[in-house]
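Please open the model in a viewer and keep the selection tool at hand. The tour below proceeds stop by stop, stating what to select and what is found there.

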Amino acid sequence: MTAEARITAVLGPTNTGKTHYAIERMLAHRTGVIGLPLRLLAREVYDRIVAARGPSVVALVTGEERIVPERTQYWVCTVEAMPEAIGADFVAVDEIQLCADPERGHVFTDRLLNARGLHETLFLGSDTMRGAIAALVPKAQFMKRDRFSELSWAGSKKISRMPARSAIVGFSVENVYAIAELIRRQKGGCAVVMGALSPRTRNAQVAMYQNGDVDYLVATDAIGMGLNLDIGHVAFSATAKFDGRRIRPLFPHEIGQIAGRAGRHVQPGSFGVTGEAGALPDEVIGAVENHRFAPIQRLQWRNPRLDFGTVARLVESLEQGPGDEWLTRGREADDVAALKSLSDMPEVGDRLRGPRDVRLLWDVCRIPDFRGISATEHATLLARLFGFLGDIGHVPDDWLARQIARIDRTDGDIDALSRRLAFIRTWTYVAQRKGWLADESHWRGETRAVEDRLSDALHGALTRRFVDRRTSVLLRRLKQKEALVADVNENGEVTVEGQFVGRLEGFRFRQDESGSPDEAKTLRQAAEQALRPEFHLRADRFYNAPDTELDFTEQGGLMWGSSAIGKLVAGAEPLKPEVRAFVDEEAGEEVAEKVRRRLQHFIDRKVATLYEPLLAMARDEALTGLARGFAFRLVEALGVLPREGVATEVKELDQEARGALRKHGVRFGQYTIFLPALLKPAPTRLRLVLWSLANGLDEFPESPPPGLVTIPNIPDVPKGYYTLSGYHAAGQRAIRIDMLERLADMLRSRDSRAGFEATADMLSITGMTLDQFADLMTGLGYRGEKGERPKVRPEAEAAAPVTPEPVAGDGDAPVNPIPEEEHVLAAAAAEVAGPEAVSEAGSEAGDSAEDGAAAEPETEVFYTFTWAPRPRGPRHDRAGGRDRGDRGDRGEGGDRGERGQRPPRGERAGGGKPGKPGKGPRRGPKDKAAEKGGRSFEARPPKEAKKDRIDPDNPFAAALMGLRDKI
C-alpha cells in the first residue's frame, strides 16, 4: 500500500447508492477487488461490471463458483473468497457492519483490519460502524451518504390488503412457503427469494417480480443484504428469528437493514407488520425512520495467524483471544467443530504426519455444511474426502461421478429439488478447490451444469406452486387498463390473454372453478371485459343461424347445437308458448333481446309447422255450431281426445258436422278422437312439452321412442300421459292409438258375444305374443278364456280330399279348394264350429295314414274372447235410447262400440236396427254380381229367413252373415 493510499468508510442507511459508488470507484482504477456478503449479490455486481467492461477482464469467485479469465482486472467475490495480496489498486468490502455477526463476523473483521488496496480502500456499511472503524483503522476517512427517499411506518396490514410491489419477510423456509401459498390464492402469486437459492434460481425469481409478472415478493432476511429491488412496502411476518442457537428478537438495526429495501431511489417506501407479528415499539419505529441505531461496540474476531504444526496447536491458535477491547473472540464456528471431530477419528489421526497434512485437514474442515443433515454426517463426509486427498492426492473421478449422478435428477417437489441443490453445492465447492480433482475443469463444468438444471427445475417448481400465472397476467393487464384479447375455440373454451378462464356455453360464461375462491373475482372481471365483443359477434351468428341448428328438449329447454340458449315458458295459450333466454347480464340488453327474438321466431315456426292441421282447423270460419265447439276441444287437447271423455259431444254431432271435421283430418276412432298427422314423433314430442308448460309441471313427461307399437303400462304414470304420447293404456301394455283403431276395425267383424279367436293379422299389427294380446284385450274390456286343443298337422291338410263340402282346417286357412267366396265362408264355419270339429278332422286325417299308427297329437293354446265390459251405470233403452245419427260413424268405430254399452262392432250380424225384424244384411256389389252369375252360396241362409231377425244366440249364422257382407 502506497503512502498516499486512501481508506474511506462510506456509511449510511440503505438506498444511499453505496454499492453503486464503490463500483464506479473500482472501475476508475486499473485493477480492483470487491467483497460482498452474499453469493447472490456477488453475481448481481459481477453482471453489472461485465456489462460495463466485458467478461474477459472480470472474475467471479465464490465458494461454489469460479470464473477467472486470463486477463482478469476486476475481482468480484464473496468476502470469504477475496484473494489476498494480489496487489490490486482498489479494494472494497460491502456491508462492513457484519463484523458484529456471530457466525461470519470474524471474516469481515479480518478484511477490515487487513484488506487494503494499493491506491484506494472502501468500507461500505451502516453508520453504526463509525466508532469501531475510527478506533481500529485510524487513517480511515468517513463519507456519509443520506437516503434518497423517505421511509415511514405503515402499521399492520392483512395479506389480502397488502399493496402491490410489497415484500413480505419470513425467517424460516416453512414460514416463507406458507406466506407464498396464501398470496398465490389471494393475489395471483409471488416470487420467492432466499439465501439458500442458487444465483440462477434467485435471478429467475427476481426477474418475475421486476418484470411485473407478479406484484409480491416473499423473502428471508437475505433481501436486506444489498439486493436492489423495486419494492414499495416491506412487511415483517415475525419480529424474532432463530440465529442458529436460539430464537431471539430482531435488533433494531436488523429491522432497519431489511425495512430499508422499501422505496428505491427517490420513491418513498414504507414498512410494517402482517400476520401474527405484533406492532413494533415506538422507539424502534423512530430509529428505523430516522436511521439512528446504537453503535456497534464489539467486533467478532478470530486469530488469522494459525499454527499448523499439529492439530492441537492449530486448535489452540484458533481459540486465541484478541488483544483489543473492540474485538471479541467469536463463538466456535462450524469449521473448528469439524476439526475437533475429525481429529478424534483414528483413521484421520493416522494420516496426520506433518504440518502439510494438518493444513490439508483444515482446508477440508472449511467445506461448509450445505446439506445440513447433521454434524456427524458432515464429519463422515469430510473424513472420506480427507482420506482420498491424503492417500491418492485427489478425489477419485468414478466415486465423484456416482455422487453427482444420484443428485442429477429434476423430478420431485420443491423440498426434494432444494435438497439436491444443497447437495450439489458441496461438490461445486470441492470442484473449485485447486488440486483436489484430477480434471478440475471438467468437474467444474459438470457440477455447474447440474446446478443449473436443478436451479431451473426449482424455479419452475416454485413458480408452479406459488404463482398462478393466469391470475397474475390478468391482474397486470387489468391494471394497465388495456383492452383484453379473448378467444373462444370450437369447444367453447375461453382464453383471455392466452390464459384459460372458463367456458362460454351459449351466452352464459361458466368460470373455471379449478382455482381458489380468491381468484374468482379477478377471473370474472377479466372475462367480463374481454367477452363483451364476443357476445355481440355470437348474437349476430345466432340470429342468422337456420332453424336446423336449433332444437327444443323434452324438458322445455332451447338448444343451439350443444349449448343451452333458453327455455320455454307458458304463454297465454298452449299453442303460443313464450321463451326465456339464457344470457348473462354482462352481455347487455341488446344481446339478450336479439337472442330472445330469435328463439321466439324458432318456436313459433316449429308450432306452426308441426301443428298446421290443428291450427288450420282452429282458423276455419266455416266450422260453426257444435263442430266449432268440438274443434275448440281438440285444439285445447292438442289434437288427441279420449273418446270416453267426449262421448256426449260426439253423439250430438250430425253427419254434416263430422264431415266438416274430417276434412281437417279428424278421425273419430272407437277409443280416441285424433288427427293422425299429430301422432308422428315430432308433434308428439312437442305436444308433451306444450301440455306440461300449460299445466305448470316441474318435470315434463318424456315421449316414448319412435316406432314402438306398444310400450309398458307403468302404474305410477298417469293415464293422460299415455294419451298425450299417442298411446292407449290397456293391461300391462299401452298400444299406439292408430294401431288400436286398426285393431278395432278387425274386431268389428267378430262376434264378441259368442266368442272369437285372435288372427295372425291381429297379432301382427300389435307386435305381441298371444298371451300379451290376451292381456291387451282384457284391458280393452274383453274376457279371454284360455284353452288347449290338438294341433292340426300339415300332412292332414295335404291329404284332405278335394270336395265342394267345407272341411274344417286350422281356423285361419281353409284346406279345400273351393271358390273364393265359399272358401272364406268355410273358414268361418270351421272357426265357429269349435275345437270338436277340428279334433274330428285331425282324427280322420290321422286314420288315413299309411301305417295307421296312432301318433301322440300336438296341442296348441288358444284364447276365446268375448265382450265383458265392466258395469258403468244404467244402460240406455235399446230401441229409444240410441242416437240415430250415430249410424253414420260406423266406419270409424261409431257409438256401438262404447265400453260398457254394447259390443264394439260397427255393424251387427243382421245389419238392421234393434227391434225391427225383417231388415237383413245390406247387400253389396259383390252380392249382386254373384247373383247375376248364378253362383249359389251354400252357407247362405234361406231367403225366407231374411225377413226374421237372425238369432243373436247363433254365432255360426252371425259370423256367416257378417262375412257375406264383406264379400
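Two strands are taken to pair if DSSP finds at least two bridges between them. The model is a predicted one, and the first stop applies that rule to a sheet.

**Stop 1: a sheet of four strands**

Select β23, β24, β25 and β26, which form an open, antiparallel sheet in that order. At its edges stand β23 (550-552) and β26 (578-581), each of which pairs on one side only. From one strand to the next, the twist averages 30°.

Now restrict the view to β23 and β24, which run antiparallel and are joined by three bridges. Within this pairing, D551 is placed opposite M559 of β24.

Next, add helix α19 (residues 589-610), which lies across β23, β24, β25 (563-569) and β26. Its direction is at about 145° to β26. Add helix α24 (residues 681-694) as well: this helix packs on the sheet and touches β23 and β25. The angle between α24 and β23 is about 60°.

**Stop 2: aromatic pairs**

Which two values describe a pair of aromatic rings? They are the distance of the centres and the angle of the planes. The structure holds 15 aromatic pairs. Select W399 and W427: their ring centres are 5.5 Å apart and their planes stand at 85°, so this pair is edge-to-face, given that angles over 60 degrees count as such. The two residues connect distant parts of the chain, with W399 in helix α14 (residues 397-407) and W427 in helix α15 (residues 414-432), 28 residues apart. Both W399 and W427 are buried.

Move on to F542 and W560, a tilted pair with 5.0 Å from centre to centre and 55° between the planes. This pair also links distant parts of the chain: F542 belongs to helix α18 (residues 517-543) and W560 to strand β24 (residues 557-560), 18 residues apart. Are these two residues buried or exposed? F542 has a relative accessible area of 0% and is buried; W560, at 16% relative accessibility, counts as buried too, because the limit for that term is under 20%.

Then select F756, F773, Y782, Y863, F865 and W867, which ring pairs link into a cluster.

**Stop 3: a sheet of three strands**

Select β30, β32 and β31, which make up an open, antiparallel sheet in that order. Since β30 (710-712) and β31 (727-730) stand at the edges with a single partner strand each, one side of each is left without a neighbour in the sheet. The twist here averages 30° from one strand to the next.

Between β31 and strand β32 (residues 733-736), the antiparallel pairing extends over four bridges. In it, Y727 has R736 of β32 as its bridge partner. Display helix α26 (residues 737-747), which lies across β31 and β32 and runs at about 85° to β32.

Finally, centre the view on T710, in strand β30. This residue is buried, with a relative accessible area of 11%. A polar contact of 3.1 Å connects its side chain to that of R733. Beyond neighbours within four places in sequence, T710 touches Y727, R733, A734, I735, T766 and M768.

**Stop 4: cysteines**

How many disulfides does the structure hold? There are zero. Select C77 and C99 to close the tour: C77 is buried, with a relative accessible area of 0%, and C99 counts as buried at 0% relative accessibility.

Key. Residues numbered from 1 in each chain as written. Predicted model: local features only at pLDDT ≥ 70, side-chain atom pairs only at ≥ 80, totals over all residues. Heavy atoms only, no water. Axes fitted to C-alpha atoms, helices over the stretch in contact; angles between N-to-C directions. Contact = heavy atoms within 4.5 Å. Buried < 20%, exposed > 50% of the residue type's maximum accessible area, 1.4 Å probe, protein only. Polar contact = N/O pair within 3.5 Å; in protein donor to acceptor, adjacent residues only side chain to side chain. Disulfide = S-S within 2.5 Å. Phe/Tyr/Trp six-rings, centres within 6.5 Å; stacked < 30°, edge-to-face > 60°.
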